[in-house]
Amino acid sequence: MSQNHDAQKTSETRKQPGSHFIKHIIEADLESGKYDGRVVTRFPPEPNGYLHIGHAKSICLNFGLALQYQGRCHLRFDDTNPMKEEMEYVESIKEDVRWLGFDWQEREYYTSDYFQQLWQFAVALVKNGDAYVDSLSSDQIRQYRGTLSEPGRPSPYRDRSVEENLELFEKMRRGEFAEGECVLRAKIDMAAPNIIMRDPTLYRIRKKSHHRTGENWCIYPMYDFAHCLSDSIEGITHSICTLEFENNRELYDWILDRLHAYHPQQIEFARLNLSHTVLSKRKLIELVRRKYVDGWDDPRMPTISGLRRRGYSPGAIRDFCDRIGVARRDSMVDLALLEHCVRQELNKTAMRVMGVLRPLRVVIENYPEDQSEMLPAVNNPEDESMGNRHIPFSRVLYIERGDFMEDPPKKFFRLAPGREVRLRYAYFIRCEQVVRDKNGEIAELRCTYDPETRGGDAPDGRKVKATLHWVSAAHAQQATVRLYDHLFTVENPAEQPDFLEVINPDSLETLTGCMLEPGLAKAAAGQRYQFERLGYFSVDSKDSAPGQPVFNRIVTLRDTWAKIQKAQKQQN
RNA sequence: UGGGGCGUAGUCAAGCGGUAAGACACAGGAUUUUGGUUCCUGCAUUCGGAGGUUCGAAUCCUCCCGCCCCAGCCA
């Protein structure tokens, strides 16, 4: 009976969305008492760049696991390389993790805080004959390492005595050698089939000031040495990293075993790849340095700061990370899924407003010149508690240029000569005349309205096929609106010979003179809205100025008309 | 061609010897004062391939094929 119940429970757990192999491992460990019921994870960024959506996957995983199993998650800056790391990055990383909604409380750690302990561990290794100081140059070390198919050869310095190694290592620490003159290496096996195990470097000399330890050290531990021991020092239980570290796990285990240190387990999962973008630090840096984008927080960037500035919400990003799953196979997630996640959240939470991006002037000929009126509009049909607002209507309005066609194709059921449509929350109008300028361009539409249809319903029951958004010209708030699209034209830019050649030339379109309903004059930075029939937009936090707001398009609404148009184009 | 991983739909992904979940995308239809939302419906007779074990295989075994990672004093 109880057995049955347990079996049922297990299968239910497994069927939960978001169940994955790492949870299975943790649950098995919890059951066997492997770590006395503890679950301790960590997010260990190197402070040498900005966090991106791929990091968000790892953050959600590590913090999420700690939350789910009542454990803890440490934020640890893996700052073992003073050549690349800066304080600016640690600040941005902290801001991004916090913004995503995770709290590391007082558990903010730095590998550099362990330098003294790490040094002592290294000394212990030397004393046990498990490490030696090598005086080969980096070039020679590479030659001695062998290749993928041939074993390496031992360094001529490999059999130095413990005493000599101790003395040399001490001299390294004291700065008596120049950079590159020697390194500390683990003494493992130069013929190991896993190249990582061919006497890996543990310490190298770097005569560079460190952003936290200053001039205290001139030798710095390598990742493989520092990481496992930092995990050990912090009592991590599950050390979760990406697949490319799989080969390093053998060394992770070797070091902890030799030192008889507390031994967390390393678990690898596949890193995130997202279609139509790049997520490698190198490529992201290149986009910034070569000015293809306007900085790390350019709204087209897949960085957390870019997504934030674009208008993405932390909840949508967390939802995305929950949905993509955690597995061991390389994958490429469709950007459409991320877009779906924001739309889903914003549909429930974003206030609806009307904004005309490409204005076309409309004059309501039978509406009195000096008259205007306030019409009630629903703030969010998905959430009644968001209430109503009133928007001004008058004789001269703007509608979207794309909502009018002089010679409408099949299935276009918006405004056209002689045709009647509804202006949302206002009246039915009929297009009576098209007025052109001297260039033959459409300058304005002359229309009539039906006073009986106030609010949008005809008492005689007649129907219209379209409802248009609009803004009263006299009351409009002008704005700049930036339309963003995929940064790259192809699904996987990384597999191109040169990813810079497939940058989408239309990834940004800046529209000025957009006309918004007047309430938007006091929109606060970061505020998110749905511009009805167009998409979700947010107020840019950097470029907006009082009286001249700048909006970023977060994502379009799903657009069936665009699909029909595309299909029609392909037919012709 | 050394070692380590991974192959389930267009894209993710569950599945753990009992007869292919779910999501996104896509395609139809209904409702709609957003061509939005919502709601229905459809979308793998088959799990990289071939053999084998078994009453029964995506799950176990064998061989083959394909893709990814490793030759930093980066992480």
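## A walk through a predicted fold

Let us begin inside one helix: in α13, the residues L335, L338, E339, C341, V342, R343 and L346 are buried. Everything described here comes from a predicted model, so it is best read as a computed picture.

What covers the buried residues of α13? The cover includes the helices α11 (304-310) and α12, together with the strands β10 (351-353), β23 (528-531), β24 (535-539) and β25 (550-556). The helix α13 itself has 15 residues and spans 22 Å from its first C-alpha to its last, which is close to the 21 Å expected at 1.5 Å a residue.

**Strands side by side**

Strands of a sheet pair through backbone hydrogen bonds, in either a parallel or an antiparallel way. Your model offers a good example in strand β4 (residues 131-134) and strand β5 (residues 183-186), which run antiparallel and are joined by four bridges. Within this pairing, Y132 has R185 in β5 as its bridge partner.

Are the two faces of β4 covered or uncovered? Both are covered: A131 and V133 on one side are buried, and so are Y132 and D134 on the other.

Next, look for an open sheet of seven strands with mixed pairing. Its order is β19-β16-β17-β18-β12-β15-β20. Which strands form the edges? They are β19 (467-468) and β20 (470-472), each of which pairs on one side only. The edge strand β20 pairs with β15 (residues 396-400) in the antiparallel sense, over three bridges. If you want to find this spot, look for Y398, which stands opposite V471 in β20.

**Rings that meet**

How many aromatic pairs are there? The count comes to 22. One of them joins F393 and Y427, with ring centres 5.1 Å apart and planes at 55 degrees, so this pair is tilted. An angle over 60 degrees would have made a pair edge-to-face, and one under 30 degrees would have made it stacked.

F393 sits in strand β14 (residues 388-394), while Y427 belongs to the loop between β16 (420-423) and β17 (428-436), so the pair ties together parts that are 34 residues apart in sequence. Are these two residues buried or exposed? F393 has 0% relative accessibility and counts as buried. Y427, at 4% relative accessibility, also counts as buried. The cut-off for buried is under 20%.

Elsewhere, F115, W119, F169, Y203, W217, Y220 and F225 form one aromatic cluster. W119 has another partner as well: the charged end of R173 sits over its ring, 5.3 Å from the centre. A similar arrangement appears at Y110, where R212 lies over the face of the ring, at 3.4 Å from the ring centre.

**Opposite charges**

Side chains of opposite charge can pair when their charged atoms come close. In this model the count of salt bridges comes to 47. Here are three of them.

| Salt bridge | N to O distance | Separation in sequence |
|---|---|---|
| E244 and R271 | 2.8 Å | 27 residues |
| R328 and E268 | 3.2 Å | 60 residues |
| E406 and R436 | 2.3 Å | 30 residues |

Where do the partners of the E244 and R271 bridge lie? E244 is in the loop between β8 (238-242) and α9 (249-258), and R271 is in the loop between β9 (265-269) and α10 (281-289). E244 is partly exposed at 39% relative accessibility, and R271 is partly exposed at 41%.

The bridge between R328 and E268 brings in a helix-to-helix loop: R328 lies between α12 (314-324) and α13 (335-349), while E268 lies in strand β9, so the pair ties together parts that are 60 residues apart in sequence. R328 has a relative accessible area of 38% and is partly exposed, whereas E268 is buried, with 1%.

For the bridge between E406 and R436, E406 lies in the loop between β15 and β16, and R436 lies in strand β17. E406 is partly exposed at 38% relative accessibility, and R436 is partly exposed at 41%.

Salt bridges can also share partners, as they do in one network that joins D297, R309, R482, D540, K542 and D543.

How values were computed:
Residues are numbered from 1 along each chain as its sequence is written. Chains are lettered from A and ligands numbered from 1 in the order in which they are written. This is a predicted model: local features need pLDDT of at least 70, side-chain atom pairs count only at pLDDT 80 or more; totals for chains, interfaces and linings use all residues. Side-chain values use heavy atoms; hydrogens and water are left out. Rings of Phe, Tyr and Trp (its six-membered ring) pair if their centres lie within 6.5 Å; planes under 30 degrees apart count as stacked, over 60 as edge-to-face and the rest as tilted. Buried means under 20% relative accessible area, exposed over 50%, partly exposed in between (1.4 Å probe, protein chains only). A charge sits over a ring if NZ of Lys or CZ of Arg is within 6 Å of the ring centre and within 35 degrees of the ring normal. Two strands pair if DSSP finds at least two bridges between them. A salt bridge is a side-chain nitrogen of Lys or Arg within 4 Å of a carboxyl oxygen of Asp or Glu. The expected span of a helix is 1.5 Å times one less than its number of residues. Contact means heavy atoms within 4.5 Å.
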